[in-house]
Amino acid sequence: MSRVYNFCSGPAALPEAVLKKAQAEMLDWHGTGVSVMEMSHRSTEFMSILASAKARLARLLNINDDYEILFAQGGASTLFSQIPANLANGYDSACYLDTGVWSTKAIKEAKKYLDVNLVGSSKDVNYITVPNLDTLPLDESAAYLHICPNETIGGVEFSGLPKTDLPIVADLSSTILSRKIDVSQYGMIYAGAQKNVGPAGVVICIIRKDLLARSGDNLPSTWSFANLAANDSMINTPPTFAIYLADLVFEWLEEQGGVDAMEAVNIQKAKALYDFIDSSDFYANPIEPAYRSRMNVPFTLADKSLESLFLEESEAAGLRTLAGHRSVGGMRASIYNAMPMEGVLALIDFMSAFEKRHG
Ligand SMILES: *Cc1c(COP(=O)(O)O)cnc(C)c1O
């Protein structure tokens, strides 16, 4: 068996220690004689796993009692519909900020439920920057403001928030737990697990409790945030194994020193890679430096005809899945929490050697 450095944008690399623990517990979880996959979701054992995942996440992100932690299903893409369906009940419109592909997809789904008030877009400059958050024409009577602070495909990230009394709803799928955030500034945070937390199949939602009152009775039962909260994320069978893996990742994060420690490493990883790209005429990243993502680093080769050779040789060197998203091409290195500094240094070494051979 040999493990490689996996730069996949998602489902992404998991910490090896987590995979080993899951492997060790696979056939017999804590003396029960069964795998977590084979347990009733209503058993005391699984309930303890769910409670542990919630408690660890609350500790990691300093989530206070004003918020409910929910585990939803259907991917972040389903939340694009669930959010307007739940949170815009009684409202005509919601504000949306467009910073790239995932914002655009969220907007497209929201339009089926309400009037989207587009408060800013960087589309006309090909999403290499982020609109000025201090001058967004927000409508304070809207249902909420939706943002995507890390655009996984474009590699654009922003950390500030606009000043508003609107509940801010943020898609943190590819950045949750990679940097400090102040949860109390958000109405709702959601994140598909398969980027920075665990396997696909579960979406983490952190929602301010007062917003649960907005969920109407006419919603499909499994879509209602209020119903999900009232049933502790178990209206129906939740993705038990994915929640278990998320709990193991949260445990690992606590062992690493929590979000502060991860953020420090993530800053170093991203800086090393961007510094290298900037120092070379062979590679380029188009994003305005202040908005470069720490998690997803897209880059191009000056000579596009070398791209397939780059991918072939990098794969052979144990650096997996460096192709950019099919919609943008080029390369992309996703360097989430589970990617160690050594993986980034191995990538830089490879890029440097490739440039010497072909530059
Ligand atoms: C991957 C991703 C999604 C979509 O997640 P699915 O689980 O495939 O629905 C949504 N938003 C962002 C920011 C993502 O990175």
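Reader: Why is Glu157 called buried?

Author: Happy to explain! This is a predicted model, and in it Glu157 has a relative accessible area of 4%. Buried means under 20%, so Glu157 counts as buried.

Reader: What makes the pair Arg179 and Glu157 a salt bridge?

Author: Their side chains meet with N and O 3.0 Å apart. The cut-off is a side-chain nitrogen of Lys or Arg within 4 Å of a carboxyl oxygen of Asp or Glu, so this pair qualifies. The pair also links distant parts of the chain: Glu157 sits in strand 7, while Arg179 is in the loop between strand 8 and strand 9, 22 residues apart.

Reader: How do you know whether Arg179 is buried or exposed?

Author: Look at its relative accessible area, which is 15%. Since buried means under 20%, Arg179 is buried.

Reader: What makes Lys271 exposed?

Author: The relative accessible area of Lys271 is 51%. Exposed means over 50%, so Lys271 is exposed.

Reader: And why is Asp275 called partly exposed?

Author: Asp275 has a value of 39%. Partly exposed covers what lies between buried, under 20%, and exposed, over 50%, so the term fits Asp275. Asp275 and Lys271 meet in a salt bridge of 2.5 Å, N to O. Both residues belong to helix 8, 4 residues apart, about one turn of the helix.

Reader: How do you know that Asp98 has no salt bridge?

Author: For Asp98, the nearest side chain of opposite charge is Lys123, 6.3 Å away. A salt bridge needs the atoms within 4 Å, so Asp98 and Lys123 do not form one. Asp98 is nevertheless buried, and you will find this residue in strand 3.

Reader: What makes the pairing of Asp98 and Ser121 a polar contact?

Author: The side chains of Asp98 and Ser121 are joined at 2.8 Å. The limit for such a pair of N or O atoms is 3.5 Å, so the distance fits.

Reader: Let's turn to the ligand. What makes the approach of Thr152 to the ligand a polar contact?

Author: An N or O atom in the side chain of Thr152 is 2.4 Å from an oxygen atom of the ligand. That falls within 3.5 Å, so it counts. For Gln194, the corresponding distance to a ligand oxygen is 2.8 Å. The protein covers 86% of the 390 Å² of accessible area that the ligand has on its own.

Reader: Which helix gives the most to the shell around the ligand?

Author: That is helix 3, with 4 residues.

How values were computed. Residues are numbered from 1 along each chain as its sequence is written. This is a predicted model: local features need pLDDT of at least 70, side-chain atom pairs count only at pLDDT 80 or more; totals for chains, interfaces and linings use all residues. Side-chain values use heavy atoms; hydrogens and water are left out. Helices (H or I, at least four residues) and strands (E, at least two) are DSSP runs, numbered from the N terminus. Buried means under 20% relative accessible area, exposed over 50%, partly exposed in between (1.4 Å probe, protein chains only). Lys and Arg count as positive and Asp and Glu as negative; His and the chain ends are not counted. A polar contact is a pair of N or O atoms within 3.5 Å; within protein, one must be able to donate a hydrogen and the other to accept it, and residues adjacent in sequence count only if both atoms are side-chain atoms. Accessible areas come from the Shrake-Rupley method with a 1.4 Å probe; for residues, only the protein chains shown count as cover.
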